[in-house]
Amino acid sequence: MKNAKAVLHAPSPLLASKTPVWRSKLIVGAIALGFAALAGRAAWVQIFGSEFFRKQGEVRFERSLELPANRGRIFDRNGLLLATSVLAPSIWAIPEDVDRDPAKLSRLAKLLDMPMSELGHKLENEDKTFVWLKRQVDEPVAREIAKLGIAGIYQRKEYKREYPEGEAAAHVVGFTNVEDVGQEGIELEFNKELAGRPGSRRVIKDRLGRIVEDVGQQVPPVDGADIQLSIDSKVQFFAYQKLRDAVIEHKAKSGSAVVLDAETGEVLALANYPSYDPGRRQNLSGAQLRNRALTDTFEPGSTMKPFVAALALEKGVVTPDTVIQTSPGRLTIGGSTISDAHPQGALTVNQVIQKSSNVGIVKIAMQMQPRDMWEIFSEVGLGQKPQISFPGAVGGRLRAWRSWRPIEQATMAYGYGLSASLFQLAHAYTVFARDGELVPATLLKSPGDAAGLRVIDPEVARAVRNMLHLVTQSGGTAPRAQTMGYSVGGKTGTAHKQEGKGYAEHKYRGFFVGIAPVEKPRIVVAVLIDEPSAGRYFGGDVAAPVFSATVQQTLRMLGVQPDMNVKPQIVVEQVEESF
């Protein structure tokens, strides 16, 4: 070790050089400034701007899931289901994650009831992170899809509505859309009550949409309320069936029927044909969807004559036995001629209604003031929107009495120059069924008899009821309205259809409005057949038979005892109606 040579290290000129103090301070200052900036940024992120960054995190990973409420059910008056919700999962996908196994995708397309090309089109854009494949499939189909185990295909729990009564009650119940929101009928009118209130659940999801954990408290949903209607499913179905048969038999454009409980004002049936299946609504038009009995108006024709007769009796202008000379079957007012279908000669007021004489009722009407006629028409609900819980109900047209010319007063006496819906006519006839009281109508089940509004004297109402009964007897315009076992009364109506500013030459509406039993009425039934084209078009021919069958079935279902011998009624003579 002693002999080892010492190693000499030459000093580096860089190390040997003297570094300026300002450079050292600059470097240290820059480092300190960097740390200060980092500390400030950290303070901003953690303290001052924490709300912004927290929200950004929530946007990217937190989701608020809606917990759907069960939609309320709709029942008929006897507790039978008219609408209910059933589980119907919806199928969705993350296109970029979908397993493209051809065999599995072919099976999936078949289960979804769609062409393979359509499924491929939905999945072809792999940039999409969400796509609906099909909303609300049947539960067995959803189970089969789950068994396929295709990556990237998911299901969402949803519900869809089912309507057990189908097309018979479609125009009353209506339907919901795919989002379970009411679109027509009771589903629309009571959507808020039926829908309830959805709940919510906040969760954290990963990029594949999988739930990682719950955040905060879950808000449970509040289920919708059930609605019980006044409709009787059996009466509704029977009325619809008879209406459908009549429309087909007479090659008509459409038909409607209304059945009211005269004691409570409840609507027992509200039928229209053509109808639709509320569970299958592809390619439907507005004409198919609307409830014609409430939304369509027409000139009520001779069904207005009993109200004019009632007013004349109330005012003491006539009695039921007052003789009205209708010869020669024509009457000219203001240059216009009013005529009867056949000259009738001298008729009592009872016979004027029985034989539906235009000349007779006009002679009675012209003895009264226009204001008096307008008042009774208004008091029975004409010219006003019906006070009933249903969307789209219309009020028809009734002009102010001050604008009536003599010829207009005359034509309104037999139902021309004003308009009403079939429902309005049925409701108006409760005045005769309830001994002069107009009973409020309702589509909801009522706990008991309803208080009515007095319109005419009870004795007058009973006198008019007798006139209506004569209409259905031999020599009247509607013997086909007679019903086995029950006395009935009513009024036929036949009216030309309006087209533009005039009337179509060979287009008619035939209708009949009546009550039963006559002595103690329980129901009011109105039937309309629109544009019958098989040869017969009078209300007594096309609408009265539907009335007869509906009355018999309804009274039997309501447990009303027959008030006549149960035997077929013999039609001896039927008078053609003037219109």
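Two strands count as paired if DSSP finds at least two bridges between them. Keep that in mind as you explore this predicted model.

**Stop 1: the whole chain**

Start with everything on display. The chain has 579 residues, and 48% of them are buried. Colour by secondary structure and you will be looking at 22 helices and 25 strands. The accessible surface comes to about 28,300 Å², with 53% of that belonging to carbon and sulfur atoms. Now think about contacts between residues at least 6 apart in sequence: 72% of these join residues at least 24 apart.

**Stop 2: a hairpin**

Next, select residues 330-333, which are strand β17, together with residues 336-339, which are strand β18. How many bridges join β17 and β18? There are four, and the pairing is antiparallel. To see one partnership, click on R330 and look across to S339 in β18. The two strands form a hairpin, with two residues between them. One residue to pick out in the turn is G334, where phi is positive at about 55°.

**Stop 3: a sheet of three strands**

Move on to an open sheet whose strands run in the order β5-β4-β6, paired antiparallel. Which strands lie at the edges? Select 131-134 for β5 and 153-156 for β6: each of these pairs on one side only. On average, neighbouring strands in this sheet are turned by 40° against each other, ignoring direction.

Now add residues 90-93, strand β4, which pairs with β6 in the antiparallel sense over four bridges. Show the side chains of W92 and Y154 as well, since Y154 in β6 is the residue that W92 stands opposite.

Then bring in helix α5, residues 116-123. This helix packs on the sheet and touches β4 and β5. Compare directions here: α5 makes about 165° with β5.

**Stop 4: two helices that cross**

For the last stop, select helix α13 (residues 305-315) and helix α15 (residues 358-365). Two packed helices are described by the angle between their axes and the distance between the axes. For α13 and α15, the axes come within 10 Å and cross at roughly 40°. Is the crossing left-handed or right-handed? The crossing of α13 and α15 is left-handed.

Show side chains to see which residues make the contact:

- from α13: K305, V308, A309 and A312
- from α15: N358, I361, I364 and A365

Try colouring these residues by type: six are nonpolar, one is polar and one is charged.

Definitions and conventions:
Residues are numbered from 1 along each chain as its sequence is written. This is a predicted model: local features need pLDDT of at least 70, side-chain atom pairs count only at pLDDT 80 or more; totals for chains, interfaces and linings use all residues. Side-chain values use heavy atoms; hydrogens and water are left out. Axes are lines fitted to C-alpha atoms, for helices over the stretch in contact, and angles run from 0 to 180 degrees between N-to-C directions. A crossing is left-handed if the near helix is turned anticlockwise from the far one by less than a right angle, and right-handed if clockwise. Contact means heavy atoms within 4.5 Å. Ala, Val, Leu, Ile, Met, Phe, Trp, Tyr, Cys and Pro count as nonpolar, Asp, Glu, Lys and Arg as charged, and the others, Gly among them, as polar. Buried means under 20% relative accessible area, exposed over 50%, partly exposed in between (1.4 Å probe, protein chains only). Accessible areas come from the Shrake-Rupley method with a 1.4 Å probe; for residues, only the protein chains shown count as cover.
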